[in-house]
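User: I would like to learn how to read the features of a structure one at a time. Can we work through this one together?

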Amino acid sequence: MSTSYDVIVIGAGSMGMSAGYHLAKNKVKVLLMDKFDPPHAAGSHHGETRLIRHAYAGSSTYTAMALRADHLWKELEESSGQRLLVRSGVLNMGVAESLNLGSKLKSTAAFGLKVDQLDADEIRKRWPGVNPPDAYIGLYEEDAGFLYSEACVRAYRQQAIAEGARLLVNTPVTSIKIGKSGVTVQTLDGAYHADQLILSAGAWFSRLNAIIELPIRSIRKAVAWFKSDESLYDSARFPGFTFGAENGGFYGFPSIDGSGVKIGRHDAGQLWKPGQPFEPFGHYAEDEKDLRQALEAFLPQAAGQVLRGAVCKYELTPDEHFIIDRHPEHAHVLVACGFSGHGFKFASVVGEILSDLSSEGTTEQDISPFALSRFSTRANYSIKFNLPNK
């Protein structure tokens, strides 16, 4: 087997596997390395499903990327022959301020998105299983839905290998040497060389501090599936959802094939570092308590017994925006990280971006909001994280 490549990708999860596919498709000689065997339960793609929506507030960057990502997910469905994206719709609920209503409506108009604005009564009439406070409004994205996250990673793995990428699984990296015009990656099984390197190590980025220190915190997150009234919450009639409440922000999914409503909390969680125990669902009382309380308040007929629970990881930046950039001292090293709990939907386009940056030196997407330079000083690195330290 060859030990020399055009590009080595360290971390073959959501973003890395996508990058490997796009590189291989473009006839780049690429080696993917992962400490585990993706898809797996040690990263951020664990838990079966992830929401995909298009309407973002603020900069048009996210909306443009979400639409391109959607197109690429459909391409992956076609090439793999697997169902990966379900257009269940997504209902976002909250007070107007928390939804950034004006900014989101501006975005939807600019991109021609199908979005319905609903008051609380209209939400209750359309979905009798939802009980929002009277002051709440809803934004319903008809063309949004959810992705089968682990299936997406698996499909990119299959297609990357079919296009000629090489994948090394269960292969921890022991050292990385960066030269002026290339890199050498050492593993227990030998050394590998490449002209360029892509780092997409997710929650394990702190292991790469010798290469680059980044303002990222890895957070343990709990999700659970609750026994639900299928006549109200089955995926044939109920959308994915998000809502803000007094005790936090939540997201969830309809019951898929009788699995029960799945719900998670976007904020809170427990800090975690590589090497520390990663406690299973139920270890902390709030794993179930927070989720159940939210369901009882907003989706009361979905607050039955816990059918199962799971834990996965967020990698939060201080501002919860991504980092996609070149290493500040080594232009042939790309970094993709800090996807902050809303990044999976973008994995298809992030992989394309990384491939284009490696092959062409540029990308059609506006990635300026994701520049590492916004954290270029120690003062900026210490921006307060919006997360209880517990």
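User: Let us begin with packing. Which strands does helix α5 lie across?

Analyst: First, the ground rules. This is a predicted model, where local features need pLDDT of at least 70, side-chain atom pairs count only at pLDDT 80 or more, and totals for chains, interfaces and linings use all residues. Residues are numbered from 1 along each chain as its sequence is written, and side-chain values use heavy atoms, with hydrogens and water left out. Helices (H or I, at least four residues) and strands (E, at least two) are DSSP runs, numbered from the N terminus. Axes are lines fitted to C-alpha atoms, for helices over the stretch in contact, and angles run from 0 to 180 degrees between N-to-C directions. Contact means heavy atoms within 4.5 Å. Here, helix α5 (residues 149–162) lies across β3 and β8. The helix runs at about 50° to β8.

User: What is the strand order in the sheet that holds β3 and β8?

Analyst: Start with the pairing rule: two strands pair if DSSP finds at least two bridges between them. In this model the order is β3-β8-β4, an open sheet of 3 strands with antiparallel pairing. β3 (49–52) and β4 (85–86) are the edge strands, each pairing on one side only. Between β3 and β8 (residues 145–148) there are 4 bridges, in the antiparallel sense. For a register mark, take T49, which stands opposite Y148 in β8.

User: How many residues make up the hairpin connection between β10 and β11?

Analyst: The hairpin passes through 4 residues. Strands β10 (residues 173–178) and β11 (residues 183–187) run antiparallel and share 5 bridges. I178 has V183 of β11 as its bridge partner.

User: Now a loop residue. Is I256 buried or exposed?

Analyst: Use relative accessible area: buried means under 20%, exposed over 50%, partly exposed in between (1.4 Å probe, protein chains only). I256 has 15%, so it counts as buried. I256 sits in the loop between β15 (248–253) and β16 (261–265). Leaving out residues up to four places away in sequence, I256 touches T49, F146, Y148 and S235. T49 and Y148 are the residues that stand opposite each other in β3 and β8.

User: How do I read helix α2? What span should its 20 residues have?

Analyst: The expected span is 1.5 Å times one less than the number of residues. For α2 that gives 28 Å, and the end C-alpha atoms are 28 Å apart, so the two agree. As for its faces, an α-helix has 3.6 residues a turn, so residues three or four places apart point the same way. Buried residues of α2 include Y62, A66, A69, W73, L76 and S80. Just after α2, G81 takes a positive phi of about 70°.

User: Which aromatic pairs link α2 to distant parts of the chain?

Analyst: Rings of Phe, Tyr and Trp (its six-membered ring) pair if their centres lie within 6.5 Å; planes under 30 degrees apart count as stacked, over 60 as edge-to-face and the rest as tilted. The count comes to 24 aromatic pairs. Among them, Y62 and F346 are tilted, 5.6 Å centre to centre with 45° between the planes. Y62 is in α2 (residues 61–80) and F346 in the loop between β20 (333–337) and α8 (347–359), 284 residues apart. Both Y62 and F346 are buried. W73 and F344 have ring centres 5.8 Å apart and planes at 15°, so they are stacked. W73 is in α2 and F344 in the loop between β20 and α8, so this pair ties together parts 271 residues apart in sequence. W73 and F344 are buried as well. Elsewhere, Y136, Y233, F238, F241, F243, F250 and F298 form one aromatic cluster.

User: Which charged residues lie over a ring face?

Analyst: The test is NZ of Lys or CZ of Arg within 6 Å of the ring centre and within 35 degrees of the ring normal. R308 lies over W225, 3.8 Å from the ring centre. K313 lies over W272, at 4.8 Å.

User: Last, the backbone. Where is the cis peptide bond?

Analyst: The bond runs from P38 to P39, with omega near -5°. P39 lies in the loop between β2 (30–33) and β3. For positive phi outside glycine, look at K27, near 70°, and N100, about 50°. K27 is exposed at 68% relative accessible area, whereas N100 is partly exposed at 43%.
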